[in-house]
Amino acid sequence: MSTTIGSFIAGGIAACGAVTVTHSFETVKIRLQLQGELQAKKDAPKMYRGVLHGVNVIYKNEGMKGLLRGLSCAYIYQMTLNGCRLGFYDPIRRSLNSLLLEHDISHMSSDRIKTYQSLPINIASGASSGILGAAAGSPFFLVKTRLQSYSPFLPVGTQHQYRNAWDGLGQIYKSEGVKGLYRGIWPAMIRTGFGSSVQLPTYFLAKRRLQSWFGLEDGAPLHLMSSTASGFVVCVVMHPPDTVMSRMYNQTGNLYSSAFDCLYRTVKTEGVLAVYKGFFAHLARILPHTILTLSLAEQTNKLMRRFEENALGIPDKLKGA
Ligand SMILES: *[C@@H]1O[C@H](CO)[C@@H](O)[C@H](O)[C@H]1NC(C)=O
């Protein structure tokens, strides 16, 4: 139990640290995604012209405060997401193990089935627990999006005057009810589901390819390159539902009837590439995050292996793949 709390706190602190560093890009991303919504390209005003221009303009007009709008919401969201990942991952993994592996490994004891590691099942469990976390944290992401789009200088999107996370939740509940709090929950779940299910497979694939094609050795440079490739792919698949999500969060139920309606009308009026508005700002947020998480995971895995081999005397080949 204490190790679970320990990893919740450690993971939470790491995630909040990463979020703090990259939050400015997230603010720019949201404004880029909302800019010119449902307007033909030639009629749309371009107040924010890209990642660097966006960061610059917001910093000049609104200061650090402008770039860091909604940061406390981002923390609460991260803690919710992390909590759900930690809390649901193992129960889901064990149930899937005993559900799907029963025939393959019926000679194993039930304890062994619980500890058995299957990569596809681990990935599915990671994605499912992430999706649950995204659903639970959606109201915070909603308030965060509205706080970040608020600007006294160059506003994009509906301007809501929320003082902080709790004030935002309270105001939404009062004016739009529970339905208002869970607006945009579907694209939020899809977005996180996409991201969590491609992250590890692309990482392992990139690692194998770099090793076999370019003969790279296992080590920090290989981890850096593979995690960069993985972060890029994660951003490519996550960004379209992310754009839909930002737009569903901006509206108050009067613009789109569903996430599909939003996607359809966005593409119809602004062109297919509109779903990639704010992509580079998103990439600037996701890349460092993915590189850090995956490289750190490699280091902790290495430590764990060494610990098991030296301290517990379990040779590698006895532990199964
Ligand atoms: C945000 O939502 C409102 C409706 O709540 C809508 O009128 C507006 O066009 C949306 N987008 C932007 C960029 O303001």
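## A tour of the helices and cores

Begin by selecting L38, which is found in the loop between helix 1 (2-34) and helix 2 (51-67). The model on screen is a predicted one, and in it L38 has a positive phi of about 55 degrees although it is not a glycine. With a relative accessible area of 23%, L38 is partly exposed, because that value lies between the 20% under which a residue is called buried and the 50% over which it is called exposed.

Next, select helix 3 (residues 71-100) together with helix 7 (residues 185-214), whose axes are 14 Å apart and which pack at an angle of about 60 degrees. That angle makes helix 3 oblique to helix 7, and the crossing of the two is right-handed. To display the contact itself, show Y77, L81 and R85 on helix 3, and R191, T192 and S196 on helix 7. Coloured by character, the residues of this contact divide into two nonpolar, two polar and two charged.

Stay on helix 3 and select F88, which is found in that helix. F88 is partly exposed, with a relative accessible area of 37%, and, when neighbours within four places in sequence are left aside, F88 is in contact with S129 and L132. If you then draw a distance from F88 to T269, you span 181 residues in sequence and 40 Å in space, C-alpha to C-alpha.

Now turn to the interior. Which residues touch the most other members of the largest nonpolar core? In this core of 17 residues they are Y77, V143, I172 and Y249, and Y77 is one of the residues already shown in the contact of helix 3 with helix 7. Helix 3, helix 5 (119-149), helix 6 (165-181) and helix 8 each supply at least two residues of the core, and the largest share, six residues, comes from helix 5. As a general background, nonpolar side chains in soluble globular proteins tend to be buried together.

Centre the view on V143, one of those four core residues. Once its neighbours within four places in sequence are set aside, V143 is in contact with C73, Y162, N164, A165, G168, L169 and I172, and the last of these, I172, is likewise among the four residues that touch the most other core members. Apart from this largest core lies another core, of 12 residues, among them V28, I30, Y48 and I58.

For the next stop, select helix 5 and helix 8, whose axes come within 9 Å and cross at roughly 80 degrees, which makes helix 5 roughly perpendicular to helix 8. The contact is made by S138, F141, L142, T145 and R146 on the side of helix 5, and by M245, S246, Y249 and N250 on the side of helix 8. These residues divide into four nonpolar, four polar and one charged. Y249, which takes part in this contact, also appeared above among the residues that touch the most other members of the largest core.

Finish on helix 8 (residues 220-250) by selecting T243, which is found there. Is T243 buried or exposed? T243 has a relative accessible area of 1% and is therefore buried. To see what surrounds T243, show Q33, A274, V275 and K277, which T243 touches when residues up to four places away in sequence are not counted.

Note on methods: Residues are numbered from 1 along each chain as its sequence is written. This is a predicted model: local features need pLDDT of at least 70, side-chain atom pairs count only at pLDDT 80 or more; totals for chains, interfaces and linings use all residues. Side-chain values use heavy atoms; hydrogens and water are left out. Helices (H or I, at least four residues) and strands (E, at least two) are DSSP runs, numbered from the N terminus. Buried means under 20% relative accessible area, exposed over 50%, partly exposed in between (1.4 Å probe, protein chains only). Contact means heavy atoms within 4.5 Å. Axes are lines fitted to C-alpha atoms, for helices over the stretch in contact, and angles run from 0 to 180 degrees between N-to-C directions. Angles under 35 degrees count as roughly parallel, over 145 as roughly antiparallel, 65 to 115 as roughly perpendicular and the rest as oblique. A crossing is left-handed if the near helix is turned anticlockwise from the far one by less than a right angle, and right-handed if clockwise. Ala, Val, Leu, Ile, Met, Phe, Trp, Tyr, Cys and Pro count as nonpolar, Asp, Glu, Lys and Arg as charged, and the others, Gly among them, as polar. A nonpolar core is a set of buried Ala, Val, Leu, Ile, Met, Phe, Trp, Tyr and Cys residues joined through side-chain atoms within 4.5 Å.
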